[in-house]
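Here is a friendly walk through one protein chain, from its sheet to its surface. Have the viewer open as you read.

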Amino acid sequence: MSLSACNNHPVTAQHTVRTRGLGRPAIAGLRLAATVAVLCLLPTMALASGSDIPSLIQDIGFCIVLAGVLAIIFTRLHIPEVAAFLVAGIIVGPIGARLVTDPANIETISELGLILLLFMIGLELDFRKLMTSGRVLILSGLLQYPLCILFGIGFTKLLIWLGIGGGLLADSSYAPLYVGFVVAASSTLLVVKLFQQTFQLDTVTGRVSLGILIFQDIWAITAIAILPGLNNPEPVPILLSFAGIGLLAMAAALFAKHIIPIGFRWVAKQPEIILVAAVSWCFIVVLLGTQLDQITDALFGINLHLAVGSGMGALIAGASIASLPYSTEITGKVGIVKDFFVTLFFVGLGMSIPMPEGSAVLVLAMLFAAAALLARYLVFYPLLYYTGLDSRNAFVTSTRLAQVSEFTLVIGFLGMQLGHISDSLNSSIIFAFVITALLTPALFRQADTIHNLLSSILARLGFRTDTHSNTADAQGEFAIALLGFHRVTSSLLHDLERSHPELMNRILVVDLNINIHEHIAAHGPQVHYGDLRNTETLQHAGVDRARVIVSSVSDNILKGVTNRQIVETARRINPEAVIIANAVELAESRHLYDAGADYVLLHRVEAARALGTAIDRALAGDIAAHKSATEAAEGTWHSRNEVL
């Protein structure tokens, strides 16, 4: 039945009761969705006749409009937003209304989402932090992927022996290997997004999960490089592929060490340029990697097959600048752009979902999803536990990684092109990804609860809840976070160093002036380059873990942000902190308190108080004694060893 026909039906009493139960916002959302759907379902030619919109823009427009409306409704109904994007893709795609005339357009754009995602993962590759997980990360990262492939192969052999899967599994000698790929890797895109949304990326489970995902991505990219040679295995092309990766990594590292810092230093005080510069660097490395064969051919007249895929190139680009002081700011800036393309990635995935050819495709998809979940508890969990992680963190990490990777979709598509697997088996892989993607948000939220329910059983099996891990959270709270650094902050840091030297390595400074960062760090604090306007930047720097947050730079010095905005942001990401802010105007103090400040400093009042004391002593005739007493306590002003 068409939507227009549905609108002509009389509203029954039962329908009235149901819609009243949804609430007015939900009803309004449903009406809006119906209206948009009706507009979207109009013939494409009719819309095209009114304008000359390029097909790419029109296709993106359909996808974004429907994805946005469905995301609002699904969020209201407490359904994961990923489902909204997938459903939007199904509606506009080949098995739906056929609104998108060229799915290749969206596939091209969605590829940008993966490139930017891998670039951001590279930015998270602070090996010093990751190595705090010690053997847990190294051993688990190296062993988990191949062990899961073996688990998947055994699982497939069992299905074939039981007569399940029919020709979809039995007709291809490569089917068990590809099922192994399905269960071996988790979704970097989904997991990192959920960790970022819940601000848990710096927890033990967050760091271990990120490390495992990075290892998985490297394994998956290696698999993609090896697959074309499976029909005629030759070690030389595979070794050359790794040589290309090594060559690109060395070139990027050298350039990032000696050249990139100079350029970033030029634009350090213009954070809006940071995004452009960072994405530019990402694509420089990506393009260089993909063009390595053309470069060697032009220079030496030979094709060494050194080309590096765009995904690995983006990962190398991010990792090469991860140690720069700008990485925190870049992560916050790129994250905003990445979300747009990630939305298109899932919509494009929804468009690629084929019409199931018989029930066997869906049955296998559910079995593959079940195998992926089983692998987390039969491979991931014991491996994490026996390499040193405590039972709770090992179980929670395993549960939160219980989904099929987007890289598996690439591997499945490549296997179909190479003739290793059938179209129908590839369809089962896609549906398995969809099933686990829809389950991921619930499993992520309930991971601790599931562990609590099973803890007694796990203990009887030998998995103790008491920790024997060497992965205790090394990133404890900061005592003080100084947002912005100017003259008052410089003097404050000097006084803190004299009166509370034990706090210096527990002080966080976030500031744009890269030229003074080394001088600040020399006194002990941890320094981050960051735009104080950006919530994600402050969150990533660790402001959410500070006991006291201080914004001492006045509004007439700050650029593009005010103390009131800083207080609102700080209060939002750290509700428990004590926030001290600076006001220039007397009336502004009330606004700062309303925004969430616990104490407001007025430089004019504090300076007047000190000046009043000096005047009182001068009138009493003992200004010299006052000067001597002040210098005995504070030192002479010209001898203070301050940053500024």
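Let us begin with a pair of strands. Strand E1 (residues 478–483) and strand E2 (residues 507–511) run parallel and are joined by four bridges. Within this pairing, Ala481 has Leu508 of E2 as its bridge partner. Keep in mind that the model is a predicted one.

**The sheet**

E1 and E2 belong to an open sheet of six strands with parallel pairing, in the order E3-E2-E1-E4-E5-E6. Strand E3 (526–529) and strand E6 (599–602) have a single partner strand each, so one side of each of these edge strands is left without a neighbour in the sheet. On average, and ignoring direction, neighbouring strands of this sheet are turned by 20 degrees against each other. Helix H29 (residues 603–619) packs on the sheet, where it touches strand E5 (578–583) and E6. The direction of H29 makes about 65 degrees with that of E6.

**Two residues, two surroundings**

Is Ser551, a residue of strand E4 (residues 546–551), buried or exposed? Ser551 counts as buried because its relative accessibility is 3%, and the cut-off for buried is under 20%. Beyond its neighbours within four places in sequence, Ser551 is in contact with Leu483, Asn563, Ile566, Ile580, Ala581 and Asn582.

Met366, found in helix H20, makes a good counterpart. With a relative accessible area of 52%, Met366 is exposed, since exposed means over 50%.

| Residue | Element | Relative accessible area | Class |
|---|---|---|---|
| Ser551 | strand E4 | 3% | buried |
| Met366 | helix H20 | 52% | exposed |

**A nonpolar patch**

Met366 also takes part in a nonpolar surface patch of about 700 Å², together with Leu158, Trp161, Leu162, Ile164, Leu362 and Val363. Helix H9 (134–161) and helix H20 (359–386) are the elements that give two or more residues to the patch. Which of the elements supplies the largest share? That is H20, with three residues.

**The chain as a whole**

Stepping back, the protein chain holds 30 helices and six strands. Of its 644 residues, 48% are buried. Among contacts with a separation of 6 or more, 77% are between residues 24 or more positions apart. The chain exposes about 30200 Å², and carbon and sulfur atoms supply 65% of that area.

Technical notes: Residues are numbered from 1 along each chain as its sequence is written. This is a predicted model: local features need pLDDT of at least 70, side-chain atom pairs count only at pLDDT 80 or more; totals for chains, interfaces and linings use all residues. Side-chain values use heavy atoms; hydrogens and water are left out. Two strands pair if DSSP finds at least two bridges between them. Axes are lines fitted to C-alpha atoms, for helices over the stretch in contact, and angles run from 0 to 180 degrees between N-to-C directions. Contact means heavy atoms within 4.5 Å. Buried means under 20% relative accessible area, exposed over 50%, partly exposed in between (1.4 Å probe, protein chains only). Patches are made of residues with over 30% relative accessible area and no salt bridge: like charges are joined within 9 Å, nonpolar side chains (Val, Leu, Ile, Met, Phe, Trp, Tyr) within 5 Å. Accessible areas come from the Shrake-Rupley method with a 1.4 Å probe; for residues, only the protein chains shown count as cover. A salt bridge is a side-chain nitrogen of Lys or Arg within 4 Å of a carboxyl oxygen of Asp or Glu.
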